[in-house]
Amino acid sequence: MANFWTSPNRDPKRAYRFTVSVTAFEGSGIWYAKSATKPKFTVTSTEHKYINHTFHYPGRVEWDPVTITLVDPVDPNAASAAATILQKSGYYIPGDENAPFTTVNKKDAVGALGRVTIRQIGESNSDVLEQWVLNNAWIESVNFSDLSYDDEELSTIELSIKVDWASLETKEANGELSNYFLTTQTPPITS
């Protein structure tokens, strides 16, 4: 069986070939992404002790937060977009007598962020190898980069995104699509 070590026609997935799309950012923010973690899950366990033995049983599946770091351009302003997402999630500054009386809630937080998709691509943007869709995603925390006269890096915004689960669709070497954790809400990979 040929693999990428022995065949010039097979290429391994590359960490720098990816796109991130967040509908809450202008133009889906597809070019903002600097880095992204792929979804991770853990299967919890429970123990049962019997005499001098311990037996382990699988429990619930828990999905870890996904971290996405975005470049913060001047126009469109990603910092402004993050603040708008927080406000649309139900947060308002205390003391504003014209602000609606609401609190942050899941429905509004999920709606404010919109659809979040992470795609690992091949040699071209249309060659999607993996597509992750974050389901019921909402922003858990935002970390704006520090400022320093000694630093020439681009300003960034790091988003920690909570998810209930992630859907995965992959393109296999034979061109077939494989779906994992999919729901009817997840559109298939289109090339």
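**Exercise 1. Locate Pro 76 and describe the peptide bond before it.**

Solution. Pro 76 sits in the loop between β5 (66–71) and α1 (78–88). Next, take the bond to its neighbour. Asp 75 and Pro 76 are joined by a cis peptide bond. Its omega is about 0 degrees.

**Exercise 2. This model is predicted. State its overall confidence, then find the strands at the two extremes.**

Solution. Start with the whole protein. The average pLDDT is 87. A score of at least 70 is reached by 90% of the residues. Now go to the strands. Confidence is lowest in β11 (residues 177–180), with a mean of 79. It is highest in β8 (residues 138–144), at 96.

**Exercise 3. Work out the strand order of the five-stranded open sheet, its edges and its twist.**

Solution. The order reads β1-β6-β7-β10-β11, and the pairing is antiparallel. The edges are β1 (18–22) and β11, since each pairs on one side only. From one strand to the next, the twist averages 15 degrees.

Then examine one pair. Strands β6 (residues 116–121) and β7 (residues 128–135) run antiparallel and are joined by six bridges. One residue pair can be named: Ile 121 has Val 128 in β7 as its bridge partner.

**Exercise 4. Classify Thr 156 and Pro 58: buried or exposed?**

Solution. Thr 156 belongs to strand β9 (residues 156–162). Its relative accessibility is 15%. The buried class lies under 20%, so Thr 156 counts as buried. Its contacts, leaving out residues up to four places away in sequence, are Lys 34, Thr 69, Leu 70, Val 71, Asp 72, Asn 143, Phe 144 and Ser 145.

Pro 58 is in strand β4 (residues 53–63). Its relative accessibility is 67%. The exposed class lies over 50%, so Pro 58 counts as exposed. With the same sequence neighbours left out, Pro 58 touches Val 43 and Thr 44. A C-alpha separation of 4.5 Å links Pro 58 with Ser 45, 13 residues apart along the chain.

**Exercise 5. Give the phi, location and exposure of Ile 51 and Asn 136.**

Solution. Take Ile 51. Its phi is positive, near 50 degrees, and the residue is not a glycine. It is in the loop between β3 (41–50) and β4. At 73% relative accessibility, Ile 51 is exposed.

Take Asn 136. Its phi is also positive, about 55 degrees, in a residue that is not a glycine. The loop between β7 and β8 holds Asn 136. At 31% relative accessibility, Asn 136 is partly exposed.

Note on methods:
Residues numbered from 1 in each chain as written. Predicted model: local features only at pLDDT ≥ 70, side-chain atom pairs only at ≥ 80, totals over all residues. Heavy atoms only, no water. pLDDT = per-residue confidence, 0-100. Helix = DSSP H or I, 4+ residues; strand = E, 2+ residues; numbered from the N terminus. Pairing = 2+ DSSP bridges. Axes fitted to C-alpha atoms, helices over the stretch in contact; angles between N-to-C directions. Buried < 20%, exposed > 50% of the residue type's maximum accessible area, 1.4 Å probe, protein only. Contact = heavy atoms within 4.5 Å.
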